[in-house]
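Me: Please take a close look at one part of this model. I would like the surroundings of a single loop residue, then the helices.

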Amino acid sequence: MPDALAVQAGTCHALFAYEVAYAIDLEGAERRLAAATERQTVKQRRRAPASFEYRPAPVRVTLDAEPIALGRFATAPAIEIVLYDFGAVSVSYGIDLAGPFGDLPGLSADLYENERLLADSRRQVERLLATLGEAAIRPGIADLVEDYAIFQVEAFSVRCDPAALWTDHAATVAQILRAEAQALSAQEIHDATASHLSFGADDATFIEPDAALVYDREGDDIRAVIELANTQLLEMRYLDQRLDAALDQAYEMLSRQRGARAALLEWGGSPNVRRLGELQLDSAILFEQVTNALKLIGDQYLARVYGLVSRRFQLAAWDASITRKLQALDSIYGKMMDRAATRRMETLEWIIIVLIAVSIVLGFV
């Protein structure tokens with residue numbers, strides 16, 4: 001019977017992504033962290049060229065932590081934190097899933113915006129940032145946080161065909177993916193379980209905006225790709241927020257500081273113009289680092305996984321929005337530079353006129 005299915009071995013990874021600095025010196029971070037660290041690589045079971053890898057490889061550190069109760073479940077007495085060079089970190093709590101498969105929807109609902117885990121993950125990030133010291137360049141924890149849950153099942157108590165997850169057990173799987181403890185409609189179940197991937201005859205991966213279910217004995221590569229995508233989503237939200245504020249400031253700069261004082265400021269290089277240029281450059285560099293953090297050329301299956309998670313996270317829409325705002329910011333910066341150049345030319349012309357007039361008057365005197 002579908003209800004009798006139980007998880008024999010599996011772990012739920014509750015992820016919390018934070019923006020903590022402009023950039024992180026990964027080599028310096030390895031030297032400063034006293035805990036065991038390792039460079040994260042994607043463990044490939046499929047044939048893939050050497051180009052498939054992180055650029056550069058993030059640092060994964062394991063730290064001791066107090067277990068946190070979540071109903072009949074509890075987090076492990078250790079957490080994992082992944083540090084990315086573009087200034088983001090991902091905190092991961094492991095939760096043992098052994099037990100009835102029907103208990104997982106309740107756990108998924110408890111994990112959704114869980115205040116205890118949010119508060120604890122932020123404290124862990126604050127302690128980590130204090131330890132990093134100068135390895136964190138321009139440190140500062142942003143208010144934004146992106147949480148996600150990956151239910152990684154390695155084995156069930158009885159043999160379970162992957163197809164049964166979107167047929168016999170579709171209702172339970174949909175509740176896990178949608179973080180809903182209550183029963184869902186047939187339409188919602190179909191929509192939640194429609195997007196799934198399989199590489200072999202004994203694995204399946206479901207990805208939704210709030211959670212993912214990975215039925216795979218060796219799903220660490222899939223988990224790493226989803227964790228990176230969740231961090232990219234956080235960075236794009238953060239960058240989009242920064243660009244919104246920059247555009248508001250730029251419009252304000254264009255509408256104020258007129259007259260002689262503005263001309264004198266722009267003659268020497270307006271601090272507002274320089275600040276706008278620096279923000280534009282920082283945003284463009286961060287955008288480039290985030291979008292090129294993982295090279296997926298060659299591994300077709302992981303590329304499909306990343307494509308699916310990108311669609312579910314709507315990364316393409318965020319990408320288009322950020323690109324459009326960067327172009328708008330570039331246009332405003334160009335207009336401000338043109339206006340400054342015009343005022344400098346006008347000021348020079350007036351200086352020349354005054355000098356000519358003074359030379360004429362001095363001649364008569």
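Reply: What follows starts at one loop residue and moves on to three helices. The model is predicted.

Start with Asp 203. It lies in the loop between strand E12 (196-197) and strand E13 (204-207). Its relative accessibility is 4%, so Asp 203 counts as buried; the cut-off for that is under 20%. The side chain of Asp 203 comes to 2.9 Å from the backbone nitrogen of Phe 199. Leaving out residues up to four places away in sequence, Asp 203 touches Pro 162, Leu 197, Ser 198, Tyr 215, Asp 216 and Tyr 301.

Tyr 301 leads to helix H9, which covers residues 300-313. Tyr 301 is itself buried. Other buried residues of H9 include Leu 302, Val 305, Tyr 306, Leu 308 and Val 309. Ser 310 and Phe 313 are buried too. H9 has 14 residues and spans 20 Å from first C-alpha to last, close to the 20 Å expected. Gln 314 follows H9, with a positive phi near 55°.

Now the helix pair. The axes of H4 (residues 170-178) and H5 (residues 186-193) come within 9 Å and cross at roughly 70°. Therefore H4 is roughly perpendicular to H5. H4 brings Ala 170, Ala 171, Val 173, Ala 174, Leu 177 and Arg 178 to the contact. H5 brings Glu 188, Ile 189, Asp 191, Ala 192 and Thr 193. By class, the residues of this contact between H4 and H5 are seven nonpolar, one polar and three charged.

Notes
Residues numbered from 1 in each chain as written. Predicted model: local features only at pLDDT ≥ 70, side-chain atom pairs only at ≥ 80, totals over all residues. Heavy atoms only, no water. Axes fitted to C-alpha atoms, helices over the stretch in contact; angles between N-to-C directions. Helix = DSSP H or I, 4+ residues; strand = E, 2+ residues; numbered from the N terminus. Parallel < 35°, antiparallel > 145°, perpendicular 65-115°, else oblique. Contact = heavy atoms within 4.5 Å. Nonpolar A, V, L, I, M, F, W, Y, C, P; charged D, E, K, R; others polar. Expected span 1.5 Å × (residues − 1). Buried < 20%, exposed > 50% of the residue type's maximum accessible area, 1.4 Å probe, protein only. Polar contact = N/O pair within 3.5 Å; in protein donor to acceptor, adjacent residues only side chain to side chain.
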